[in-house]
Amino acid sequence: MVFRLFSLISMLVFPLLLVAQRFGGNPASFRWQQSGTDTVRVIFPTGTDSLAGRVAAITHRMAGSNPVSLGQQIKGIDILLQS
């Protein structure tokens, strides 16, 4: 009897003490665009087109100036710009 009462009380009180992690993500209505070259793909929110173009150009230039140490294939990378 005491065990059942303790179980009932703990099942009612314990969920009130839990704290969930807040997700600071973007809403589902958020619109994304993408741009890039053979070495980089930049994913960015609408309105930051000029910044995304600069990031893609700089990254492409850096990939071309550094020789590849293992093989001749340059793998593309994805860059996500968030506000």
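I take helices to be DSSP runs of H or I with at least four residues, numbered from the N terminus, and on that footing I place leucine 17 in helix 1, which covers residues 2-17. The model I am reading is a predicted one.

**Entry: overall layout.** I looked up the secondary structure and found two helices and three strands in the chain, which follow one another along the sequence in the pattern α-β-β-α-β. Among contacts with a separation of 6 or more, I noted that 44% join residues 24 or more positions apart.

**Entry: surface.** I checked how much of the chain is covered, and of its 83 residues 12% count as buried. The exposed area comes to about 7400 Å², with carbon and sulfur atoms supplying 62% of it. I then looked for a nonpolar patch and found one of about 950 Å², made by Leu5, Leu8, Ile9, Met11, Leu12, Val13, Phe14, Leu17 and Leu18. For leucine 17, a member of that patch, I noted a relative accessible area of 61%, so this residue counts as exposed, the cut-off being over 50%.

**Entry: salt bridge.** I searched for salt bridges and the count came to one. The partners are arginine 41 and aspartate 78, whose closest N and O atoms are 3.0 Å apart. Because arginine 41 lies in strand 2 (residues 40-45) and aspartate 78 in strand 3 (residues 77-80), the pair ties together parts that are 37 residues apart in sequence. I also checked how open each partner is: arginine 41 is partly exposed at 37% relative accessibility, whereas aspartate 78 is exposed, with a relative accessible area of 51%.

How values were computed
Residues numbered from 1 in each chain as written. Predicted model: local features only at pLDDT ≥ 70, side-chain atom pairs only at ≥ 80, totals over all residues. Heavy atoms only, no water. Buried < 20%, exposed > 50% of the residue type's maximum accessible area, 1.4 Å probe, protein only. Contact = heavy atoms within 4.5 Å. Areas by Shrake-Rupley, 256 points an atom, 1.4 Å probe, with all protein chains shown as cover. Patch = residues over 30% accessible without salt bridge, like charges linked within 9 Å, V, L, I, M, F, W, Y side chains within 5 Å. Salt bridge = Lys/Arg side-chain N within 4 Å of Asp/Glu carboxyl O.
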